[in-house]
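Colleague: I should be grateful for a close look at one part of this model, namely the sheet and its surroundings. Please then place that part in the context of the rest of the structure.

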Amino acid sequence: MSYVELSFWDLALAALLLIANGVVSVWFRLGLERTLAVSALRMVIQLSIVALALKFIFTLDAPIWTILFGLFMTAAAAFEVVSRQERRIMGPLALALGAGAPFFAGLLATMFAAIAVIGPEPWYAPRYVLPIFGMMLGNALSGTTLVLDAMTSGVVRERPAIEARLALGAGRYEALDAILRRALTTGLMPILTAMAATGVVSLPGMMTGQILAGIDPVSAAKYQVMIMFLIAGSTGIAVVGAGLGSVLLLTDERHRLRLDRLAKA
Amino acid sequence: MLRVEHLRIGALPPLSFAVADGECLAIEGPSGSGKTRILRAIADLDPVEGQLFLDGTERREMPATEWRRLARYAAAEPGWWADTPRGTLPAAAAVQPRIVRLLAAVGLDEDVLDRPVSLLSTGERQRIALVRALVDEPRVLLLDEPTGALDIGSTALVEELIRFQLLAGRSVLIASHDTALIGRLAHARLQLAPSARTPKTARMPPP
């Protein structure tokens, strides 16, 4: 099997397809030409920088750079969690929860994969650790965002019911029980759907990439299965962490519902 | 005996008062004057400064869940977390006869518990919520507009039920616009000014 290296001219040729989007935008007066150009340019620049950074880190093969890059990814993830919330919980603890839940879940799953499942030499080999950590982080991040969003909108919508339960002597976990369970389901739904639909509806990006790079489809599928299990695990950990953490942040030690801690809509 | 000391709510001056067992305190004032906030604060549902004592025990000396079992707040618009009222009532067999008795006292049949909450009238919901608040026999009742959605007949039944709670030695705090009801039930009044600045308390002869 062979692998066809892409030249820059090939990429320029592929970029011609964006003209179709441009035509649609002009034709229907959507006014998206500018956004389209900026988005495409951002993608090219971001991927170039990441590719160069990864190349640099791979040649260094030093754990400190792997860790630094992982922390950089986490910081970017934290920014995403905050900016994607409709009504976020205010304060440094909420930020720590939004970044911490995906980070620890991703770290746990990545360490598990690197040490127990794949076992590269050395175990911190950035070629394995960083892409896997990125995938874990990204998925755990979506789960965390969904859970936090479901929790904050849930407590605002169900405030009378929650406070009725509190007034009748229920504790905070009991009073938020229904909302927490619904939020956890929401957070886990994407990965469950993804596992059920993988291979039938969509061929996962990672597997496609490996096949294009000349790997045997069966080997590629094996890697994909492992990744899906890891994603399911890390998303589960992040979702539960974010759910339980947000119950603590949305209530206080006197079992009161604290909607005053939410940013104004 | 419920004792409130230096309770600070919004722009109101610090409130201090006591409500003895079997006594009813009415909280009067226009909308937005702080009636609901006072009741919620006594139920420890909002973080406020001040001390609250129930038979000499300060609220912070016991878990909040325990405090709210003793000082029971019933909101003007009750909340529901199950499809039918039965899902929001204790399921223990021992309390079922008491639930049925309380329902009868406010003019409702037991089968109302299995109808979807969304199909019940506002008045039915409010009366079921009152029953729900009374089932585990709290010491202090904090009733926010308990008759706000009721017709004359139901109001009379609820008034009787409240009077019975007073006879049983419970303290009752009522926030209500219904001056006639307050006139018949209350031993004392707390009047909140429209601007939420200067409350006046007046002692009345017992009804």
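Modeller: The account below begins with the sheet and then moves outward to the helices, the interface and the partner chain.

The model is a predicted one. In chain B, four strands form an open sheet in the order β2-β1-β4-β5, and their pairing is antiparallel. The two edges are taken by β2 (15-19) and β5 (57-58) of chain B; each has a single partner strand, so one side of each is left without a neighbour in the sheet.

The pairings may be followed across the sheet from one edge to the other. β2(B) is joined to strand β1 (residues 2-8) of chain B by four bridges, and the two run antiparallel. Within this pairing, L2(B) has V19(B) of β2(B) as its bridge partner. β1(B) is also linked to β4(B), again in the antiparallel sense, through five bridges. Here R8(B) is partnered by E49(B) in β4(B). The pairing of β4(B) with β5(B) is antiparallel as well and rests on two bridges, with F53(B) matched to E58(B) of β5(B). β4(B) and β5(B) form a hairpin with two residues between the strands, and in this hairpin D55(B) adopts a positive phi near 50 degrees.

A helix accompanies the sheet. Helix α1 (residues 35-42) of chain B lies across β1, β2 and β4 (49-54) of chain B, and its direction makes an angle of about 120 degrees with β1(B). The loop between α1 and β4 of chain B contains D44(B). This residue has a phi near 60 degrees, which is a positive value in a residue other than glycine.

Further along chain B, a pair of helices can be described in similar terms. Helix α4 (residues 122-134) and helix α5 (residues 152-167) of chain B have axes that come within 12 Å and cross at roughly 10 degrees. α4(B) and α5(B) are therefore roughly parallel to each other. From α4(B), the contact draws on R127(B), L130(B) and L134(B), while α5(B) supplies S154(B), V158(B), L161(B) and Q165(B). By class, the residues of this contact of α4(B) with α5(B) comprise four nonpolar, two polar and one charged.

The next topic is the interface with chain A. The contact involves 22 residues of chain B and 16 residues of chain A. Between the two chains an area of about 1,600 Å² is buried, and carbon and sulfur atoms give 53% of it. On the side of chain B, the most area is lost to chain A by L45(B), R68(B) and W81(B), which together account for 34% of what that side buries.

Chain A has another make-up: 11 helices and zero strands. Its C-alpha trace spans about 70 × 55 × 35 Å along the principal axes.

Two helix pairs illustrate the packing in chain A. In one of them, helix α2 (residues 18-27) and helix α3 (residues 33-60) of chain A pack at an angle of about 160 degrees, and their axes are 9 Å apart. α2(A) and α3(A) are therefore roughly antiparallel to each other, and α2(A) passes α3(A) in a right-handed crossing. On α2(A), the residues in contact are L18(A), N21(A), G22(A), S25(A) and V26(A), which meet E33(A), L36(A) and A40(A) of α3(A). The residues of this contact of α2(A) with α3(A) are four nonpolar, three polar and one charged.

In the other pair, helix α6 (residues 126-157) and helix α11 (residues 217-250) of chain A pack with their axes 8 Å apart, at an angle of about 35 degrees. The crossing of α6(A) and α11(A) is right-handed. The contact of α6(A) with α11(A) has 19 nonpolar and seven polar residues, with no charged residues.

One backbone feature of chain A remains to be noted. E121(A) and P122(A) are joined by a cis peptide bond, with omega about -10 degrees. P122(A) lies in the loop between α5 (92-118) and α6 of chain A.

Terms used:
Residues numbered from 1 in each chain as written. Chains lettered and ligands numbered in written order. Predicted model: local features only at pLDDT ≥ 70, side-chain atom pairs only at ≥ 80, totals over all residues. Heavy atoms only, no water. Axes fitted to C-alpha atoms, helices over the stretch in contact; angles between N-to-C directions. Parallel < 35°, antiparallel > 145°, perpendicular 65-115°, else oblique. Left-handed = near helix turned anticlockwise from the far one by under 90°. Contact = heavy atoms within 4.5 Å. Nonpolar A, V, L, I, M, F, W, Y, C, P; charged D, E, K, R; others polar. Pairing = 2+ DSSP bridges. Buried area = accessible area lost by both parts, 1.4 Å probe.
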